[in-house]
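User: I'm new to this structure and would like a close look at a single part of it. Could you pick a loop, tell me how its residues sit, and then show me what else is around in the model?

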Amino acid sequence: MKMRTEQEMFDLILTTAKEDEKIRAVYMNGSRTNKYAIKDIFQDYDIVYVVTDTKPFYEDKNWIYKFGEPLYMQMPEKLDLLVGKPCNLEESFGWLVIFQDGNRIDLHVNSIAFAKKTMKEDRLCQVFLDKDGLFSSVEKATDEQYYVKRPTKQEFACQCNEFWWCLNNVAKGLWREEVPYVMDMLNFYVRPCLVMMLSWQAGIMTNFSCSVGKSGKYLYRYLPKELYEGLLKTYSDSTIEHIWQSVFVMCDLFAKVARSVGKALSYPYEEKEEDGARFYLQQVYHLPKDATNVFL
């Protein structure tokens, strides 16, 4: 099936809104309003219909079919209700849909009050239709709120401490060969510190006027090639030895960038933390399976 074009999708979205009196405004947020985001066939349409009443929309099970035949979908608020999580359907209800032609819409119906509140918190909003002049004061869409923020001395120190400290859990997990635990420790605790430090490096290089995207996905745009390639080398398969080597790469990369960031911002870097963590890692790396002491 041929994928509908962007213009065809926008025409459908706006026509649907114009023909329904319950829909008072339409705006879009997300990557399509960000001029720096990569444009490709996987970009979804993050659409909000501002409505007088959300109930007629979420009670009509066939309403979403106005936009095409779904391949499959998710309704987050419906799932919340199923597991007992609190949600206010009078404020907002959404459908996340991939259609048969490959297009994806993340569509929400929001009450007027809720829409006004959330638009103040998101500067990547672009108004397409405003029947009542509700959003006449909305500024031009910008990603400035997502720019890398200059860290305080305390924030810098905390990231360094968190990175080096959490590696002890990685080490013992590797010695025990508990790969799922190790991967969680790396990806949920250690790696975020590394990505943050690399983000600060990107911020310094751009005078803190860049957004590195979710999970640092745009870091390659701002970092020297060797730093970004170093980051890629920190991702490993499930082989114990390969994970160990990726951890050592991670340590070298973090140490290099943290020193650079600290120097640029005139923040002290705690050498003893790094020395202690590296010593511990090396001890556990060479520790035999029948060891009775952590330190050889």
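Analyst: **A loop and its setting**

Asn207 lies in the loop between α6 and α7. Helix α6 covers residues 179-205 and α7 covers 225-232; helices here are DSSP runs of H or I with at least four residues, strands are runs of E with at least two, and both are numbered from the N terminus. Please keep in mind that this is a predicted model, in which local features need pLDDT of at least 70 and side-chain atom pairs count only at pLDDT 80 or more, while totals for chains, interfaces and linings use all residues. Residues are numbered from 1 along each chain as its sequence is written, and side-chain values use heavy atoms, with hydrogens and water left out.

Let's begin with the backbone. Most residues other than glycine have a negative phi. Asn207, not a glycine, has a positive phi near 55°, and Phe208, in the loop between α6 and α7 as well, has a positive phi of about 55° although it is not a glycine either. Their exposure differs: Asn207 counts as exposed because its relative accessibility is 62%, whereas Phe208 is buried, with a relative accessible area of 13%. Buried means under 20% relative accessible area, exposed over 50%, and partly exposed in between, with a 1.4 Å probe and protein chains only.

Further along the loop between α6 and α7 comes Val212. Val212 is buried too, at 8% relative accessible area. Leaving aside neighbours within four places in sequence, Val212 is in contact with Val148, Ser199, Ala202, Lys217, Tyr218, Leu219 and Tyr222; contact means heavy atoms within 4.5 Å. Tyr147 is 65 residues away from Val212 in sequence, yet their C-alpha atoms are 7.5 Å apart in space.

Two of those contacts, Lys217 and Tyr218, lead us to the largest pocket. This pocket holds about 450 Å³ of space. It is lined by 19 residues, and the closest to its centre are Ser31, Asn34, Ala37, Lys217 and Tyr218. By class, the lining has seven nonpolar, six polar and six charged residues. On a 1 Å grid over the protein atoms alone, a pocket is an open set of points where a 1.4 Å probe fits, with protein on both sides within 12 Å along at least five of seven lines, and lining residues have an atom within 4 Å of a point. Grid points are joined across faces, edges and corners, and the volume is the space filled by probe spheres set on the points. Ala, Val, Leu, Ile, Met, Phe, Trp, Tyr, Cys and Pro count as nonpolar, Asp, Glu, Lys and Arg as charged, and the others, Gly among them, as polar.

Elsewhere in the model, an open sheet of six strands has the order β3-β4-β5-β2-β1-β6, with mixed pairing; two strands pair if DSSP finds at least two bridges between them. Its edge strands are β3 and β6, each pairing on one side only. Strand β4 (residues 92-99) is largely enclosed by the rest of the structure, because six of its eight residues are buried.
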